[in-house]
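Colleague: Could you take me through the ligand site of this model with some care, and then through the aromatic rings and the cysteines? I would like one connected account that I can follow with the structure open beside me.

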Amino acid sequence: MTAEPFQGLNAISEPGAFTELDRFMFESWGYLVIPGVLSAEQTKACLEAATRLHEQEGTTGWAQVGRGFETEQVLEDLIDHPAVLPKVRALYGVRFILQSAWCTKQPAFGGFGGWHQDGSGAYDFKQLSYPIPLLQLRASYLLTDQSLPRMGNMEMIPGSHRAQVPLPADIRREKGDVPIGQVICAPAGSVLLFHNAVWHRTFAHDGDYDRYTMHYIYSPPWVRFSDRFANDKDYLARTTPVRRYLAGEFERPDAPFGAGYPAKAFED
Ligand SMILES: O=C(O)CCC(=O)C(=O)O
């Protein structure tokens, strides 16, 4: 574990373009850390919105609230943030959707989460192929400081998206440590961008305040939403063309040959 942020090995990237080095690091480790995406002011506004969402839902303990972008403008603005979207586009091309947006709360003095890969409990992505394909690309906006370990950080196992064997069951059962786990240490306003197949968990949180992170999950256009059954009509009517596109409202979303998808979603 690092004592200071960004000491030791880190897949550090920069806001904006997906560079060749970004691609190499992402392929090798399965994730990137992008510091400085949000200003202190933007982070504060997003943290207030995240707190409101959980208060409205009356959540207790570790909890996640979906589709906050429909009601909180500052959270909607992160959907196509220019610091992150170019990287998503570089990995997916032009046809992808926002499959879900989860606002997670790690409560004050919260313990470790369980190790897992992202995916579908209904149909394990491992059944699809090896290596597990990129189907849920997650951009996690840290809304509270996680510069040191035990601040509700994410812990990632670099390269584990390519592991042909699962993390041992006893370690998962006991929420045990792994010598190659990397506790992601980064200030509030940073983004962690990661592949669904990377083994990860929520690290412990020793603070006397709740920790909030906004996760935006991008998927191919035929993956079903997981934070909503359908898009809110008012949101669709008032949002921008790009965000409407990312909401995945296509005439024929099931068409394997692509009919029903707008030819052009992005300006450039
Ligand atoms: O926000 C967090 O603590 C982690 C969430 C997570 O790992 C997940 O939702 O898959």
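**Rings, ligand site and cysteines**

Modeller: In this predicted model, ring pairs join Tyr92, Phe96, Tyr218, Tyr245, Phe250 and Phe266 into a cluster. The structure as a whole holds 10 aromatic pairs, and one of them is formed by Phe18 and Phe26, whose ring centres are 6.5 Å apart and whose planes meet at 75°, an edge-to-face arrangement. Both partners are covered, since Phe18 is buried and Phe26 is buried as well. Phe18 can also be placed relative to a helix residue: Leu91, which is found in helix α4 (residues 85–92), has its C-alpha atom 8.6 Å from that of Phe18, although the two positions lie 73 residues apart along the chain. Leu91 has a relative accessible area of 18%, and because buried means under 20%, Leu91 counts as buried.

A second ring pair deserves a close look, that of Phe112 and Phe203. The centres of these two rings are 4.8 Å apart and their planes stand at 85°, so this pair is edge-to-face. Phe112 lies in the loop between β3 (97–106) and β4 (137–142), while Phe203 lies in the loop between β8 and β9, so the pair ties together parts that are 91 residues apart in sequence. The two partners can be told apart by their accessibility: Phe112, at 26%, counts as partly exposed, whereas Phe203, at 5%, counts as buried.

The strands β8 and β9 lead on to the ligand site. Around the ligand are Trp62, Thr104, His116, Asp118, Arg138, Met154, His200, Thr202, Arg211 and His215. By residue class this shell divides into 2 nonpolar, 5 polar and 3 charged. Oxygen atoms of the ligand have side-chain partners here: one is 3.1 Å from an N or O atom in the side chain of His200, a polar side-chain atom of Thr202 lies 2.7 Å from a ligand oxygen, and an N or O atom in the side chain of His215 is likewise 2.7 Å from an oxygen atom of the ligand. Taken alone, the ligand exposes 290 Å², and the protein buries 94% of that area. The elements that give two or more residues to the shell are β8 (200–202) and β9 (211–219).

As for the cysteines, a search of the whole structure finds 0 disulfides. A disulfide is a covalent bond between the sulfur atoms of two cysteines. For Cys46, which is in no disulfide, the nearest cysteine sulfur belongs to Cys103 and is 9.7 Å away; because a disulfide requires two cysteine sulfur atoms within 2.5 Å, a separation of 9.7 Å does not qualify. Seen from the other side, Cys103 is also in no disulfide, and the nearest cysteine sulfur to it is that of Cys46. Cys46 is buried, with a relative accessible area of 2%, and Cys103 is buried too, with a value of 0%.

One further position may help you to find your way through the model, namely Ile34, whose place is in strand β1 (residues 31–34). At 0% relative accessibility, Ile34 counts as buried. The C-alpha atoms of Ile34 and Thr59 are separated by 29 Å, with the two residues 25 apart along the chain.

Definitions and conventions:
Residues numbered from 1 in each chain as written. Predicted model: local features only at pLDDT ≥ 70, side-chain atom pairs only at ≥ 80, totals over all residues. Heavy atoms only, no water. Near = heavy atom within 4 Å. Polar contact = N/O pair within 3.5 Å; in protein donor to acceptor, adjacent residues only side chain to side chain. Areas by Shrake-Rupley, 256 points an atom, 1.4 Å probe, with all protein chains shown as cover. Helix = DSSP H or I, 4+ residues; strand = E, 2+ residues; numbered from the N terminus. Nonpolar A, V, L, I, M, F, W, Y, C, P; charged D, E, K, R; others polar. Buried < 20%, exposed > 50% of the residue type's maximum accessible area, 1.4 Å probe, protein only. Phe/Tyr/Trp six-rings, centres within 6.5 Å; stacked < 30°, edge-to-face > 60°.
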